[in-house]
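Biologist: I have a model open and I'd like to learn how to read it feature by feature. Could you walk me through it?

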Amino acid sequence: MTRTLVVVGHGMVGHRLVEALREKDATDRWRVVVFAEETRPAYDRVALSSYVDAWDASALALAPHDGAVELVLGDRVVELDRTAKVVRTASGRAQPYDALALATGSVPFVPPVPGRDLPGCHVYRTIDDLDAIRATVEGARSGGRRAGMVLGGGLLGLEAANALRGMGVSPHVVELGPRLMPLQVDEGGAGLLKRLVEKLDLTVHTGTSASSIGRDHRGRLVAALSNGVELDLDVVVFSAGIRPRDELARSAGLAVGDRGGIVVDGACRTSDPDVYAVGECANLDGVVYGLVAPGYSMAEVVADRLLGGSSAFPGADLSTKLKLLGVDVASFGDAHAKQEGALEVVVNDAVAGTYAKVVVSDDARTLLGGILVGDASKYPLLRPLVGRAVPGDPVALIGPSGGVELSLPHDAQVCSCHAVTKQRVVDAVASGDAVDVPGIKACTKAGTGCGSCVPMLKKLLAECGVEQSKALCEHFDQSRAELFEIARSTGATTFTGLVSRFGRGRGCDICKPTVASILASLDNGHILAGEQAAIQDTNDHFLANIQRNGTYSVVPRIPGGEITAEKLIVIGEVARDFGLYTKITGGQRIDLFGATVDQLPRIWRRLVDAGFESGHAYGKSLRTVKSCVGTTWCRFGVQDSVSLAIELELRYRGLRSPHKLKSAVSGCARECAEARGKDFGVIATENGWNLYVGGNGGFTPRHADLIASDVDTATLIRLIDRFLMFYIRTADRLQRTSAWIEGLDGGLDHLRAVVVDDSLGICADLEAAMARHVDNYADEWRGVLDDPEKLARFTSFVNAPGTPDPTISFREERGQKVPVLLGVPALSGANDPAEVSR
Amino acid sequence: MTPVCELSALLPDRGVAALLPDGSQVAVFLTSAGTVHALGNIDPFSGAAVLSRGIVGDRGGVPVVVSPVYKQAFELTSGTCLDDPSTGVPVHPVVVADGVVQVGSP
């Protein structure tokens, strides 16, 4: 019999509860109705600050629920009738329930400062809050750089300050306590944190609060701090803590805590056994947890209980690791040494900008907790050791020499987001279910939350003796990156030379195109010159894309999508004269389909004579740089996106890479060119360009990440040069930029260090390699047309060059020709030529 | 036997297509080891006449051509598909005489 679960609230925890229930409820015992107060489904509130990068709410979206879940948006539950077991909503809907889960979350606490209701004062909680803050900032009338105040210097306050910075506002952070992040960080760590964030145009005021907020005669906000300082402001954001939203429970007579929060037991049940409460609205043993991880484990408990299980809240790990304003901050276990007799060991390197502390028991044998600021790379190793024996000298744990090699005990939690132990990972590896990090992610969920444990997962694989094979194929034991370095350092120019010296056999369809790509990236002349012609994939061999009936498509380059009427007419005439199907693509080009091999040279003769070049649609290479119209025509554009897109497309045309590359340039934050869906994308700002990397459409779409902001054009191009060359040299075969970045040790931060800060000292070399590519570019189709030997390969039949392929035929659809697919011949007579060649 | 082209017209480890008098198509390959092979040109998985445009190499030491459409490998000597041994393409006899490649019926 199907029963009804009503969930009140669709934040991250409410979402997780529904997701966990749907995952486990194989027989559909529960139908679920969710009421959300916000008008959009649950989103990643933890990543809220990243919304400021592109103002794209869809980037924060969580996975949608399946059809057994009814999600009601924009309708608040206003009444809970426990006797009738019905909830009523603001719109008047009455919804009966068999079980009810309150996931109402919390509201920001706004201290009673006079003037707190003035326009321009905001809280920081929802996407709508951020939109409202943005509207205030954009409407501010002050000349020069705008100023803002964030009241509250905790984790969320610094997040809010970062968001203000992203909007071009200089933030003042006002914290009542004596230091920043008082809950997570101690005085030493906070001191360093303050120094690091003040370099980023933040002003920190600690030990003080706002005593009033008013307006001056020009309408600007003025805040008086209790220490006598006055601040001229354009925007104020309150971020001084949260209060559980328990009013619905309160009015329904459920027990609530002295300081708020719906009282629950270890099963997350309220004083009414049919009503559960999870997340920031729940009060367990007098504690309200303001982090998402405990909320998630409460959600798992309730899902289990609803299905007859007996799990209980396991207690919360309040450890946190974050990157705030680009500064690593981590805090775990008994960070403040509250335990009796606890000892602290501190390594404070003011020069390097790192602070590390471990807290150990009075006998220095047990690790109790710690704090890391500036460099949190040891967090994944240290956090699971909390409550366990310290291996050796505590100083060695955080010492600059890299410390001791640690091996985790088997019951230690490796992934705190999903409560996965080392044992669980080791079992998955030992049973053969997981042979690599993606495998571990798929079968244990470890590494799929915040991702901070991924380096640990790699270590565990190695510990289990799993050697990650990097062999390209049966002919080469090396990875693509290693082959690239071999070819570069030995100056090898042929596949035969490479395979005979560094591999075995005669090669295959994996290693040959890979080596072809490497040789092309190293500027070895025309890709069809000499032996290189034999190792190209069919698309590269005929400089066109093979289609399902064996014909090819022709794609001339249209840089930035800008084209003259004359050129459009030429394309139209070519399409008409050769009877080609014509389609405009998503990459702002025109594809001409249905060309036979022998037609390709004649088609390209016409196109090259009209000034077109190869669009490289066939290659693992740069495809297009899409653009909007930018300042030239658009009312909103802030930079000339068209000129930049053309410049970038011409610069990187013909660049061979491990996977095809796409790019786009948007002239303003409205992002009409969809630059964040590209391998590298550029979005104009009022001060220059923002560069995003690692995005893609396709099977697993991913938004690109910001790697540099407000840079000028020369810097932008230098950074893209470095990014692309580093990718070309080190990525695996057919590895997209997104997967490449995810697979880098240290991920995006490492990439930023290498290409922005030149941490490996290779940037001059990368730039020189790109300069060579730019200098040596020549149109591949012109190279074929000018060479009779290469032209001779474009025949249908070697013994009947003029005869069309009889297996190719077309029919008409919407006024154009499309292929007639021949039935796949019967295979029973595979050795009967009449059967297969029909 | 039908003469199809000069041996010198073939690129090592690459194929060409030829038309036989009965209207069937063959894919003729010269391997880097110096051997010449002729297989039916029609890829049984896509129905397209494209096998001559595949990459030639070896799988476990067995010389193969890989279809450019869905990437199945076909043994050059037997025409058998290594990815699905119940499938294959016909093999045509080949003779090279006086530098001319001649192909017969399978």
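Biologist: Let's begin with the fold. What pattern does chain B follow, read along the sequence?

Modeller: One thing up front: this is a predicted model. Chain B reads β-β-β-β-β-β-β-β-β-β along its sequence. In other words, you'll find 10 strands and 0 helices there.

Biologist: And how many helices and strands are there in chain A?

Modeller: Chain A has 28 helices and 38 strands.

Biologist: How do I read burial? What share of the residues counts as buried in chain A, and what share in chain B?

Modeller: You look at relative accessible area, and a residue under 20% is called buried. In chain A, 52% of the 838 residues fall in that class. For chain B, with its 106 residues, the figure is 60%.

Biologist: What about contacts between residues far apart in sequence? What percentage joins residues at least 24 apart in chain A?

Modeller: Take the contacts between residues at least 6 apart in sequence: in chain A, 61% of them join residues at least 24 apart. In chain B, residues 24 or more positions apart account for 40% of the contacts with a separation of 6 or more. For a single pair, try A:Ala792 and A:Pro601, which sit 191 residues apart along the chain while their C-alpha atoms are separated by 9.7 Å.

Biologist: Where is A:Ala792 found, and is it buried or exposed?

Modeller: Look in the loop between helix H27 (788-791) and strand E37 (810-813) of chain A. As for burial, it falls between your two words: A:Ala792 is partly exposed, at 48% relative accessibility.

Biologist: Next, cysteines. How many disulfides are there over all chains?

Modeller: The test is a distance between two cysteine sulfur atoms, which must be within 2.5 Å. Over all chains, the count is 0 disulfides. Take A:Cys268: its nearest cysteine sulfur belongs to A:Cys281 and is 9.9 Å away. A:Cys268 is buried too, at a relative accessible area of 0%. Over in chain B, B:Cys5 also counts as buried, with 9% relative accessibility.

Biologist: Now salt bridges. How many does a search of the whole structure find?

Modeller: The general idea is that side chains of opposite charge can pair when their charged atoms come close. Here the search finds 50 salt bridges over all chains. One of them joins A:Arg606 and A:Asp577, with 2.8 Å from N to O.

Biologist: Which parts does that pair, A:Arg606 and A:Asp577, tie together?

Modeller: A:Arg606 lies in helix H19 (residues 600-609) and A:Asp577 in helix H18 (residues 565-578), both of chain A, so the pair ties together parts 29 residues apart in sequence. Both ends are partly exposed: A:Arg606 has 33% relative accessibility, and A:Asp577 has 42%.

Biologist: Could you show me one between loops?

Modeller: Sure, try A:Arg653 and A:Glu613, whose side chains meet at 2.9 Å, N to O. A:Arg653 is in the loop between helix H21 (641-652) and strand E33 (661-666), and A:Glu613 is in the loop between H19 and strand E32 (622-627), so this bridge ties together parts 40 residues apart in sequence. Another bridge links A:Asp705 with A:Arg702, their closest N and O atoms being 2.9 Å apart. A:Asp705 is partly exposed at 23% relative accessibility.

Biologist: Which residues are linked in a network of salt bridges with A:Arg16?

Modeller: That network links A:Arg16 with A:Glu19, A:Lys24 and A:Glu300.

Biologist: How do I read helix packing? At what angle do H22 and H25 of chain A pack?

Modeller: You compare the two helix axes. Helix H22 (residues 713-730) and helix H25 (residues 763-776) of chain A pack at about 90°, with their axes 8 Å apart. The two helices are therefore roughly perpendicular. Residues in this contact include A:Leu724, A:Met725 and A:Phe726 from H22(A), and A:Leu766, A:Ala769 and A:Met770 from H25(A). The contact residues divide into 7 nonpolar, no polar and 6 charged.

Biologist: Last one, backbone angles. Where is A:Ala337 placed, and what is its phi?

Modeller: A:Ala337 sits in the loop between strand E22 (327-333) and strand E23 (343-349) of chain A. Its phi is near 50°, a positive value in a residue other than glycine. A:Asp523 is a further case, with phi near 55°. You'll find A:Asp523 in the loop between helix H15 (511-521) and helix H16 (532-535) of chain A, and it is partly exposed at 24% relative accessibility.

Definitions and conventions: Residues are numbered from 1 along each chain as its sequence is written. Chains are lettered from A and ligands numbered from 1 in the order in which they are written. This is a predicted model: local features need pLDDT of at least 70, side-chain atom pairs count only at pLDDT 80 or more; totals for chains, interfaces and linings use all residues. Side-chain values use heavy atoms; hydrogens and water are left out. Buried means under 20% relative accessible area, exposed over 50%, partly exposed in between (1.4 Å probe, protein chains only). A salt bridge is a side-chain nitrogen of Lys or Arg within 4 Å of a carboxyl oxygen of Asp or Glu. Helices (H or I, at least four residues) and strands (E, at least two) are DSSP runs, numbered from the N terminus. Axes are lines fitted to C-alpha atoms, for helices over the stretch in contact, and angles run from 0 to 180 degrees between N-to-C directions. Angles under 35 degrees count as roughly parallel, over 145 as roughly antiparallel, 65 to 115 as roughly perpendicular and the rest as oblique. Contact means heavy atoms within 4.5 Å. Ala, Val, Leu, Ile, Met, Phe, Trp, Tyr, Cys and Pro count as nonpolar, Asp, Glu, Lys and Arg as charged, and the others, Gly among them, as polar.
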